[in-house]
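These notebook entries record what I looked up, one place at a time. I set them down for a reader who is new to this structure.

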Amino acid sequence: MIEARHLRVLRAVATTGSFSAAARDLGCTQPAVSQQMKALESSAGTPLLIRTGREMRLTQAGEALVRHASGILAGLTAAEEEVAAIAGLRAGRVRLVSFPSGSSTLVPGALAALRAAHPGTRVSLVDAEPPRSVEMLRDGDCDIALAFRYGVPGAEWDDLVVRPLLADRLIGLVPEGHRLAGADSVGIGELADEPWIAGCPRCRRQLVEVCEASGFTPRIDFATDDYPAVIGLVGAGLGVAVLPELAIESVRPKGARTVAVEPAVEREIVALTLPDLARVPAVAATLDQLSLAAAR
């Protein structure tokens with residue numbers, strides 16, 4: 001195998017015309033230059049230099065190797081500089097995927113802080129709900145997935161690095177003129193006879209489970225993944241809903257009132273990445289800023 005250090009010695013010998021002059025340029029001894037040239041010729045499997053008295057000439061193979069050496073060494077230098085820039089957060093790229101209410105609440109502050117601290121790091125953002133966002137992470141289509149889950153954590157993310165961010169409580173939404181609009185808290189069973197507006201599929205499933213645990217099955221008149229649409233439908237008096245607190249923070253609930261719902265139900269908000277990616281400086285810095293944004 002031809003090593004870069006041997007190519008540097010060959011190029012110095014070709015430029016200066018002797019081992020001793022090459023040694024002076026490289027800051028080493030003449031025997032060291034001679035030893036490395038022997039190692040390079042052994043790797044190449046053919047002589048690279050012809051020694052005639054005090055003069056040295058390149059063989060045809062030596063000329064070919066010197067010709068390629070310049071490009072190889074220049075490319076290696078460029079690669080070393082680029083890797084150093086990424087490692088020092090002077091450059092880098094992070095592909096982030098997030099569910100919509102996370103994109104509108106946690107992500108903006110985190111990315112603004114990241115840009116201020118490391119302006120050379122670039123972050124792209126795509127919206128996707130779990131489990132699709134987690135599939136994208138495992139498929140290599142993103143570097144960090146902002147995700148959520150309900151209930152007791154299982155083994156679904158055991159192969160990933162999980163950075164817990166916050167517990168997001170479900171909040172009730174009722175029209176302004178609703179009989180429970182002024183209540184401090186509402187038992188979910190008190191809404192058993194109401195028409196319901198449901199959110200994303202995972203939230204919808206969680207709503208049904210919570211209601212059934214309280215002894216009724218919700219009558220879902222409308223279902224939409226668009227949280228502003230859910231709030232708008234409640235505000236128009238078409239039903240009630242429960243939404244994650246982050247979703248309500250991202251939209252002004254015009255015509256609707258929020259009420260605490262009992263029993264309390266929370267979803268766990270996390271940032272996910274792969275173990276190898278967690279060691280990449282730009283990814284680690286983004287995870288740190290997401291944690292700080294969630295703590296504010």
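Entry 1: S133. I first listed the contacts of S133, leaving aside its neighbours within four places in sequence, and found V97, A128, C142, A145, L146 and A147. I note here that the model is a predicted one. S133 lies in helix α6. I then asked whether S133 is buried or exposed. Its relative accessible area is 0%, so S133 is buried.

Entry 2: the loop before α6. I looked at the peptide bond between P130 and P131 and found that it is cis, with omega at about 10 degrees. I placed P131 in the loop between β4 and α6.

Entry 3: D143. I located D143 in the loop between α6 (132-138) and β5 (144-150). D143 has a relative accessibility of 6% and the cut-off for buried is under 20%, so I count D143 as buried. I next asked which backbone atom the side chain of D143 reaches. It is the backbone nitrogen of R95, at 2.7 Å. With neighbours within four places in sequence left aside, the contacts of D143 include R93, V94 and R95, and also L137. I further noted L272, T273, L277 and V283 among the contacts of D143.

Entry 4: β3 and β4. R95 led me to the strand pairing, where S124 in β4 is the bridge partner of R95. I asked how many bridges join strand β3 to strand β4. There are seven, and the two strands, residues 92-98 and residues 121-127, run parallel. Together with helix α5 (residues 100-117), β3 and β4 make a β-α-β unit, which I recorded as right-handed.

Entry 5: L89. I found L89 in the loop between α4 (60-87) and β3. Its phi is near 60 degrees, a positive value in a residue other than glycine. L89 is buried, as its relative accessible area is 16%.

Entry 6: β8 and β9. I turned to strand β8 (residues 195-198) and strand β9 (residues 219-223), which run parallel and are joined by four bridges. I followed the chain from β8 through α7 to β9 and recorded this β-α-β crossover as right-handed. One of the paired residues is A198, whose bridge partner in β9 is A223.

Entry 7: α7. I checked the span of helix α7, residues 201-213: its 13 residues reach 18 Å from the first C-alpha to the last, close to the 18 Å expected at 1.5 Å a residue. I asked which residues of α7 are buried. They are R202, C203, Q206, L207, V210 and C211. Viewed down the axis of α7, these buried residues fall within an arc of 165 degrees, so they line one face of the helix. Just after α7, I noted that G215 takes a positive phi of about 100 degrees.

Entry 8: G235. I found G235 in helix α8 (residues 227-235). G235 is partly exposed, with a relative accessible area of 26%. Leaving aside neighbours within four places in sequence, I listed K254, G255 and A256 as contacts of G235. I also looked up the separation of G235 from R169: 66 residues in sequence, and 21 Å in space from C-alpha to C-alpha.

Entry 9: P263. I closed with the peptide bond that joins E262 and P263, which is cis with omega at about 0 degrees. P263 has its place in the loop between β11 (256-262) and β12 (266-273).

Definitions and conventions:
Residues are numbered from 1 along each chain as its sequence is written. This is a predicted model: local features need pLDDT of at least 70, side-chain atom pairs count only at pLDDT 80 or more; totals for chains, interfaces and linings use all residues. Side-chain values use heavy atoms; hydrogens and water are left out. The expected span of a helix is 1.5 Å times one less than its number of residues. Buried means under 20% relative accessible area, exposed over 50%, partly exposed in between (1.4 Å probe, protein chains only). The arc is that of the directions from the helix axis to the C-beta atoms. Two strands pair if DSSP finds at least two bridges between them. A crossover is right-handed if, with the strands pointing away from the viewer, the path from the first strand over the helix to the second runs clockwise. A polar contact is a pair of N or O atoms within 3.5 Å; within protein, one must be able to donate a hydrogen and the other to accept it, and residues adjacent in sequence count only if both atoms are side-chain atoms. Contact means heavy atoms within 4.5 Å.
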